[in-house]
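Visitor: I would like a close look at one part of this protein, the sheet and what is packed around it. Could you take me through that part slowly, strand by strand?

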Amino acid sequence: MAITALGYAGIAARDLGAWQKFAETILGTQVDADEGCLKLRVDERAWRIWIERGDADDLSFVGWETANANSFAETLAELAALGVATQRRPDLALRRGVRELALFVDPAGIVCELYWGATTRLEKPFISPTGISGFVTRNQGLGHVVIAVADPAGYETFYNRLGFAVSDYIDMAMGPDMVLPICFMHCNPRHHTLAFAPAPSPKKLLHLMLQTRTMDDVGLVHDRAVKADVPISMSLGRHSNDLMFSFYMLTPSGFEFEYGWGAQEVGKDWHVTRHDVTSVWGHKMLIAPGGATHD
Ligand SMILES: [Fe+2]
């Protein structure tokens, strides 16, 4: 037993006001603003994205979920076997609203919160302020994160020990003699919960993804983003590996947010493949990582 979902994500952002507006009017998530932070809700869980004030404008922590106390203890034992220091934090567990929590830092320097027993609020149903019909979460977790790493092979081995398996690889052509290898890993039926690449990036987080239940939700959010002058960094398209129909926009923190629908899921008969391109069609890069605008 091991990590079974991306349970939540934390972001350190300079402008919480801009994030609140972005979350409520573009992403369509509910926002609880208290204790100087924003807690974004997308489903029956009390919260899924925690935004606190900070200068990094980047990922500040990742919440890796285990199914129960036994899986939590077994994952801690695996981390000890890997020589990774962990720190049990009852105080932080209380703050996050989970039963047990331990901190560790992964090989890319990401602060990870391993936990089980998140607060679920079926008595207060999720109601999107923009009318989003809902997000694909439950046993697939929050969505996926894509991380810039220096050592992709080491990162793959590390997360494989914690319960992740490779879904596929994309060798993305960046120029005539430059290929960016991207590795995609799953820990539940979601095609990838974690992807990573040795991308030259000032931020650890390349993007965060939410998946809607209907295709129209993606189109409606795209329309709202364009109308509100939210920078669209990648046009509508369909990915070659998870077959996700999506687009990418820039968050108030400058990293990308992928908004998608229709991804295929991995099953027990899954075979690992590789691809030469990230998309079947579309996904034209409109703003390069770092901010340059393309025509
Ligand atoms: Fe993605």
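**The sheet and its surroundings**

Guide: Let us begin with a hairpin, keeping in mind that this is a predicted model. Strand 7 and strand 8 run antiparallel and are joined by 6 bridges, and one pair to look for is E100 with its bridge partner W116 in strand 8. The two strands form a hairpin with 5 residues between them, and in that turn G109 has a positive phi of about 85 degrees. In general, the strands of a sheet pair through backbone hydrogen bonds, in either a parallel or an antiparallel way.

On another side of the pairing, strand 8 meets strand 5, and here the sense is parallel, over 4 bridges; in this pairing W64 stands opposite L114 of strand 8. Of the 6 residues of strand 8, 5 are buried, so this strand is largely enclosed by the rest of the structure.

From strand 5 we can step across to strand 1, since strand 1 (residues 5-13) and strand 5 (residues 58-65) run antiparallel and are joined by 7 bridges. Within this pairing, A9 has V62 in strand 5 as its bridge partner. Helix 1 (residues 16-27) packs on the sheet, where it touches strand 1, strand 2, strand 3 (37-41) and strand 4 (49-53), and its direction makes about 10 degrees with that of strand 3. Helix 2 (residues 69-81) also packs on the sheet, but it touches strand 7 (100-105) and strand 8 (111-116), and its direction makes about 145 degrees with that of strand 8.

Now the pairings can be placed in the whole sheet, which is open, has 8 strands in the order 2-3-4-1-5-8-7-6, and shows mixed pairing. Its edge strands are strand 2 (30-34) and strand 6 (87-88), each of which pairs on one side only.

Finally, let us return to A9, whose contacts, leaving aside residues up to four places away in sequence, are I49, L59, V62, G63, L142, V145 and L208. The largest nonpolar core has 76 residues, and A9, I51, V62, V145 and F196 are the members that touch the most others. Strand 1 gives this core its largest share, 6 residues. Because domain 1 (5-116) and domain 2 (138-282) both give residues to the core, it lies between them. As a general background, nonpolar side chains in soluble globular proteins tend to be buried together.

Terms used:
Residues are numbered from 1 along each chain as its sequence is written. This is a predicted model: local features need pLDDT of at least 70, side-chain atom pairs count only at pLDDT 80 or more; totals for chains, interfaces and linings use all residues. Two strands pair if DSSP finds at least two bridges between them. Two residues are in contact if their C-beta atoms, placed from the backbone, lie within 7 Å. Axes are lines fitted to C-alpha atoms, for helices over the stretch in contact, and angles run from 0 to 180 degrees between N-to-C directions. A residue is buried if 20 or more other C-beta atoms lie within 10 Å of its own, exposed if 12 or fewer, and partly exposed in between; C-beta atoms are placed from the backbone. A nonpolar core is a set of buried Ala, Val, Leu, Ile, Met, Phe, Trp, Tyr and Cys residues joined through C-beta atoms within 7 Å. Domain bounds come from an automatic or database domain assignment.
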